[in-house]
Amino acid sequence: MRDERVSVQLASDVPVDDTLLATLNQFHFKSLKLQKKAVSPHVLKYMNKVDQNDHSSTYMLRGMEAAGKANVQRLLKKDYLGMIGRHFNIYLKQSGRIRLGKAMNKDQLEPAVDILADEFEEDMVRHFGLTSFSPSRKFAVAITHDVDYVGNYPIANLKSGLVFLVNSLRTVMRPRLSMFYLKAAFRFLFGQVNYYGFDDILKIAKQNDFRPVFFLFAKLPQGNKLGPLQRLRFLNPNYSLENHDLSRAMKAITEANAEIGLHGSYMSADDPDLLTAEKEYLEHKTGHACQSIRQHYLNIYGRISHEIYSRIGIQVESTCGFISENGYLCSTTRPFYAVLPGHGQNQVIVLPMVFMDAVPLYFRPENTAEVFAQLRKTLHWLKQFNGFAAFNFHQRVISCFPEYKKLYEDIVSEIRDMGGKIATTTEIEKLYPPCTDV
Ligand SMILES: [Zn+2]
């Protein structure tokens, strides 16, 4: 079917290749093909003579104009496809390490691609009298958990307790924040915290009838290729699947039918052998195929990591988010296939990660009302665009910070109240089928 598609070039400075085209196809080309069906044979002939140097989004619209469908000057000026393409370029074209702290522009603070895509659809419908071409979908959230620390660590407690104490003194002019730190300092210093968290989460999941997702680190018996200095920098999580707390957690997770994905080690993002070994080790320990991944530290090598995922059978990746700000790295709330040049559709789906608890915890921990307000705004975007995205909590945050446990429960209720679904990452294709050929 592919060769029947209208060839498309994007306007302005967007370099075009298969990657970008295939990505755009998922969002938009269903519409182009519908339009192709709608035009007369005369126009089709005209459109098929596409000059590779022309902009065929423009070209396609001209075809429509030639068929007497509409005056398209206004649409041409907008160059929707070019604008959308620029957003995806950031992520898919990158071959070096992507570790983005903050949004690079305001379009990443709101889902600009979704806004443009909807506008594009609206314009198409209005100008060409087509029926709406977006598949009907329900918005969904995958509630995921990065597992970095497990159990109880007196040294970590002491370290965190002292850091909170210093922060409390440092922020004494902001009494609420200072008090938050002070309370946390006492909890940590007097050993009243545990880094387990699984029981709380599984209980909430059971009460609310959803399957949580846990990303587990696979510490290999032969090591995960970190040098001694890198180990001191805590570049990898600190537990082994063999330790007692983890075995207990794994049993509970399995009984609760939660989804287990891989929390890839720091060096695995561009090392196929290491990532394969970690995936196989995790599968061996859980007895289940592992199809989902989030890299620790949101550490990913764009195209290179995706090539590895595709080769070793990882189907969903949700590392696509920021470290120190919550936003929309690819400016979208919708999952998309990452398509690599020369690979056709490689079947790795990117599930945007649009919220991480660590962000407010580091910057505005005391103001959970504000965090909740931000999460609600994100849920409204998800609902408006029928999106499907991941929220990322750390299981230890739920057990160490009562405020965040409350926030977690509130957000679960809110998703339900807004009519959303809570799903696992690998349920994407079932819930959220990609645009298919028409
Ligand atoms: Zn992590």
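Here are four short exercises, each with a worked solution, on the structure above.

Before you start, note that residues are numbered from 1 along each chain as its sequence is written. The model is predicted, so local features need pLDDT of at least 70, side-chain atom pairs count only at pLDDT 80 or more, and totals for chains, interfaces and linings use all residues.

**Exercise 1. Find out which residues touch the most other members of the largest nonpolar core, and where this core lies.**

Step 1: Start with the term: a nonpolar core is a set of buried Ala, Val, Leu, Ile, Met, Phe, Trp, Tyr and Cys residues joined through C-beta atoms within 7 Å. A residue is buried if 20 or more other C-beta atoms, placed from the backbone, lie within 10 Å of its own, exposed if 12 or fewer, and partly exposed in between.

Step 2: The largest core has 85 residues, and Val141, Val150, Phe214, Leu216, Leu351 and Ala389 touch the most other members.

Step 3: Helix α17 (residues 402-417) gives the most to this core, with six residues. Helices (H or I, at least four residues) and strands (E, at least two) are DSSP runs, numbered from the N terminus.

Step 4: Domain 1 (6-128) and domain 2 (140-431) both contribute residues, so the core lies between them. The domain bounds come from an automatic or database domain assignment.

**Exercise 2. Place strand β3 among its neighbours.**

Step 1: Look at residues 259-264, which form β3; six of its six residues are buried.

Step 2: On to pairing, which needs at least two DSSP bridges between two strands. β3 pairs with strand β2 (residues 213-216) in the parallel sense over four bridges, and Phe215 stands opposite Gly261.

Step 3: Strand β4 (residues 292-295) also runs parallel to β3, joined by three bridges. Here Gly264 stands opposite Gln295.

**Exercise 3. Decide whether Asp273 is buried or exposed.**

Step 1: Find Asp273 in helix α12.

Step 2: Count its neighbours: 10 other C-beta atoms lie within 10 Å, so Asp273 is exposed.

Step 3: Now look across to Ile308, 35 residues away in sequence; the two are 9.2 Å apart in space, C-alpha to C-alpha.

**Exercise 4. Work out how the buried residues of helix α13 are arranged.**

Step 1: Within α13 (residues 302-312), pick out the buried residues Gly302, Ser305, His306, Ile308 and Tyr309.

Step 2: Look down the axis of α13: these residues fall within an arc of 160 degrees, so they line one face of the helix. The arc is taken over the directions from the helix axis to the C-beta atoms.

Step 3: Finish at Gly313, which follows α13 and has a positive phi, near 90 degrees.
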